[in-house]
Amino acid sequence: MIQVIDKIDDKIDLIEMKNDDITVVVSNYGCTIIKVLMKDKDDNVDDVVLGYDDFSDYQTKDAYLGALVGRTANRIGKGKFSLNGQTYSLPINNGPNCLHGGIRGFSYQIFDYKIVDNSIEFSYLSKDGEEGYPGNLKFKAIYTLDKETLTIQYLATSDKDTIINITNHSYFNLSGKKENIYHHLLEMKADYFACVDADGLPTGEMKAVKDTPFDFNSPAYIGDRVECDDEQLKLGCGFDHPFIFSKKENQVVLTHEETGRCLIVSTTLPGAQIYTANYLDGRLGKYGQHYNARDAVCIETQNLPDAIHLEKEPSTILKKGEVYDEKTSYQFKVIK
Ligand code: BGC
């Protein structure tokens, strides 16, 4: 069942998607996931994503809690890129680079929406030149709840060649924020990760995960890895790196054994930025709790960040008339 449960103002709604397994609250502001309420093995219900009680924090703060990120997730080096011989400039909002689609990226926009059966179809027209990107981009994000699985499909077309790289920036903590993520087990099918510089921008060097703290091909506790003495972990202040998947589905499994909660992420996208909330700064979040580094992990499925500079045939180019069509699903499973 899907229904509007609150109105923030005359344009921004909170919409609840609910079934016997889980309840997901989303907003048409940034298509933001506000809450995910799920049971544990003893049927206790907790919220397994970070967020704010005060809605205005989503509009003014910078950590992208739960938000859909676009037009391009992560960093574009120096905020500049060329396409078809023309140079485009994006806002510089993170060191020397452009992060998460600029200052007023998709996370800060109000989407139209309609409810169709067990889905919410969000739509947005990003005008030619918005945040510096070329092309009128017609964008849709369809959120569907089916039993314990939330699937998000992203669809876009543009009337000019452009670039696109969409993600969802939910911060997961399967304990219900009773503890940090050190005791979360992460399993991820990825043989390579992208090295980053001190500003978090991929350098172009792909490193094999083998024999490094980045190897999650077998499940490992995040806490056993994130503080390891490793140059890349130091540069990222923890994990804040793109991983390249070696598998086409069910690429990431996050488990919190004590509660029996498990999140399985499956995507059509080729990789994910794994971010251990390194820059959460003690800010006030939901239920009066304060959020610090390592209080959550983001599994930001996407194409390679800055692909426009790093890939020979950049996977983030969307040609005029072509359709961008990607899907990520999040299965919130309880192991009894
Ligand atoms: C980035 C981080 C950034 C965070 C919040 C992540 O996707 O990689 O460096 O701090 O988003 O903006």
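Trainee: How much space lies in the largest pocket?
Mentor: This is a predicted model. The volume is the space filled by probe spheres set on the grid points. For the largest pocket, that comes to about 530 Å³.

Trainee: Which residues lie nearest the centre of the largest pocket?
Mentor: The lining of this pocket counts 31 residues. Helix 1 (56-60), helix 2 (231-236), strand 25 (271-275) and strand 26 (281-284) each supply at least two of them. Nearest the centre lie Asp62, Ala63, Tyr64, Asn94 and Leu99.

Trainee: How many residues of that lining are charged?
Mentor: Split the lining of the largest pocket by residue class. Eleven residues are nonpolar and eleven are polar. The charged ones number nine.

Trainee: Where does the ligand sit?
Mentor: A molecule sits in a pocket if more than half of its atoms lie within 2 Å of the pocket's grid points. For the ligand, the site is the largest pocket.

Trainee: Which residues are closest to the ligand?
Mentor: The ligand has 14 residues around it. That shell divides into six nonpolar, four polar and four charged. The closest are Arg75, His100, His169, Asp240 and Glu300.

Trainee: What share of the ligand's exposed area does the protein bury?
Mentor: Start with the polar side-chain atoms. One in His169 is 2.8 Å from a ligand oxygen, one in Asp240 is 2.5 Å from a ligand oxygen, and one in Glu300 is 2.6 Å from a ligand oxygen. Taken alone, the ligand exposes 310 Å². Of that, the protein buries 94%.

Methods:
Residues are numbered from 1 along each chain as its sequence is written. This is a predicted model: local features need pLDDT of at least 70, side-chain atom pairs count only at pLDDT 80 or more; totals for chains, interfaces and linings use all residues. Side-chain values use heavy atoms; hydrogens and water are left out. On a 1 Å grid over the protein atoms alone, a cavity is a set of points where a 1.4 Å probe fits but cannot get out, and a pocket is an open set with protein on both sides within 12 Å along at least five of seven lines; lining residues have an atom within 4 Å of a point. Helices (H or I, at least four residues) and strands (E, at least two) are DSSP runs, numbered from the N terminus. Ala, Val, Leu, Ile, Met, Phe, Trp, Tyr, Cys and Pro count as nonpolar, Asp, Glu, Lys and Arg as charged, and the others, Gly among them, as polar. A residue is near a molecule or strand if one of its heavy atoms lies within 4 Å of it. A polar contact is a pair of N or O atoms within 3.5 Å; within protein, one must be able to donate a hydrogen and the other to accept it, and residues adjacent in sequence count only if both atoms are side-chain atoms. Accessible areas come from the Shrake-Rupley method with a 1.4 Å probe; for residues, only the protein chains shown count as cover.
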